[in-house]
Amino acid sequence: DSEYYDAGVLGALLKFKPILATQVDTIKLSARRRPADNVTLSMAAMEKAEHLQVQTPEPTMLLVSGVLNSIEHSTRRFQLVLPDGQIVPGQIDDKELSAEDLRSRWGKRVTVKGLVFFRPSGRVKLLEAKLIKEKEGGEEVFEQLPLVQTEAEFAGAVVQAAESRDWVKGLWGKWPGDEPIEELLQDLRHSDP
């Protein structure tokens, strides 16, 4: 659920994988201005990065309605508060909107159309707004974010459903027809492929 893992960071980390697979065991990254903050990459770290990349839902265009709670002019960021109290961090797409577009809507109920980026957990990381307008009647359906199921959750649900069924028990002692098995075998031997 970290703020730091997004598609760009994970993609950049995974570019080190071929080097780690063929030439070195580890790669140490450090910053001159922050010498205490070092990162060591290994094949184990690459496997974790791949897992996070696969687990992260793809960005999706959505409509979301809530109260425009806060605006940061310099960073073009805002917060949208949904009726259930969930806070959705947002940023305006400066090709589509300006920070001035937010000012007149501050503290009001709005509907935002934008690209939603997710964390590997499926929680919203960022709503990149393409359009912000005052909320109109009938837009209450957009006051809840749709549930996004991560690939790991989907796989877990499928495995759990499969494990809960006892396929053998369902078939055991049942024959689909009244024919003796000898007739069925003879028909199978004489049928054309």
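The following conversation works through some labels given to parts of this predicted model and the values behind them.

User: To begin with the whole chain, how many helices and strands does the secondary structure come to, and in what order do the elements run?

Analyst: The secondary structure comes to 7 helices and 7 strands, and from the N terminus on the elements run α-α-β-β-α-β-β-β-α-β-β-α-α-α. Buried residues make up 25% of the 193 residues in the chain. Among contacts between residues at least 6 apart in sequence, 58% join residues at least 24 apart.

User: How do you know that the span of helix α3 agrees with its number of residues?

Analyst: Helix α3 covers residues 43-55, which is 13 residues, and the expected span is 1.5 Å times one less than that number, so the helix should span 18 Å. The C-alpha atoms at its ends are 18 Å apart, and therefore the two values agree. Within α3, the residues Met46, Ala49, Leu52 and Gln55 are buried.

User: Why is Ser65 called buried, and what does its side chain contact?

Analyst: A residue counts as buried when its relative accessible area is under 20%, and Ser65 has 0% relative accessibility, so the label applies. Ser65 is found in strand β3, residues 60-72, and its side chain makes a polar contact with the side chain of Thr111 at 2.7 Å. The cut-off for such a contact is 3.5 Å between N or O atoms, and the pair of Ser65 and Thr111, at 2.7 Å, is listed as a polar contact. Leaving out residues up to four places away in sequence, Ser65 also touches others, including Leu80, Leu82, Val110 and Phe142.

User: Why is Asp93 called buried, given its relative accessibility of 11%?

Analyst: The cut-off for buried is under 20%, and Asp93, at 11%, therefore counts as buried. Asp93 lies in the loop between β5 (87-92) and α4 (100-103), and its side chain makes a polar contact with the side chain of Lys130 at 2.7 Å. Apart from residues up to four places away in sequence, Asp93 touches Glu128, Ala129 and Lys130.

User: What makes the phi of Arg76 worth pointing out, and why is Arg76 called partly exposed?

Analyst: Most residues other than glycine have a negative phi. Arg76 has a positive phi of about 60° although it is not a glycine. Partly exposed covers the range between the buried cut-off of 20% and the exposed cut-off of 50%, and Arg76, at 28% relative accessibility, therefore counts as partly exposed. Arg76 is found in the loop between β3 and β4 (77-81).

User: Why is Gly90 buried or exposed, and which residues is Gly90 in contact with?

Analyst: Gly90, whose place is in strand β5, has 1% relative accessibility and so counts as buried. Leaving aside its neighbours within four places in sequence, Gly90 is in contact with Arg76, Arg77, Phe78, Leu126 and Leu127. Gly90 and Gly114 are 24 residues apart in sequence, and their C-alpha atoms are 9.1 Å apart in space.

User: What makes up the lining of the second largest pocket?

Analyst: The second largest pocket holds about 270 Å³ of space and is lined by 14 residues, of which Asp6, Ala7, Thr56, Pro59 and Phe117 lie nearest its centre. The lining divides into 8 nonpolar, 3 polar and 3 charged residues. At least two lining residues come from each of α1 (7-14), β6 (109-118) and β7 (124-134), and α1 gives the most, with 3 residues.

Note on methods. Residues are numbered from 1 along each chain as its sequence is written. This is a predicted model: local features need pLDDT of at least 70, side-chain atom pairs count only at pLDDT 80 or more; totals for chains, interfaces and linings use all residues. Side-chain values use heavy atoms; hydrogens and water are left out. Helices (H or I, at least four residues) and strands (E, at least two) are DSSP runs, numbered from the N terminus. Buried means under 20% relative accessible area, exposed over 50%, partly exposed in between (1.4 Å probe, protein chains only). On a 1 Å grid over the protein atoms alone, a cavity is a set of points where a 1.4 Å probe fits but cannot get out, and a pocket is an open set with protein on both sides within 12 Å along at least five of seven lines; lining residues have an atom within 4 Å of a point. Grid points are joined across faces, edges and corners, and a volume is the space filled by probe spheres set on the points. Ala, Val, Leu, Ile, Met, Phe, Trp, Tyr, Cys and Pro count as nonpolar, Asp, Glu, Lys and Arg as charged, and the others, Gly among them, as polar. A polar contact is a pair of N or O atoms within 3.5 Å; within protein, one must be able to donate a hydrogen and the other to accept it, and residues adjacent in sequence count only if both atoms are side-chain atoms. Contact means heavy atoms within 4.5 Å.
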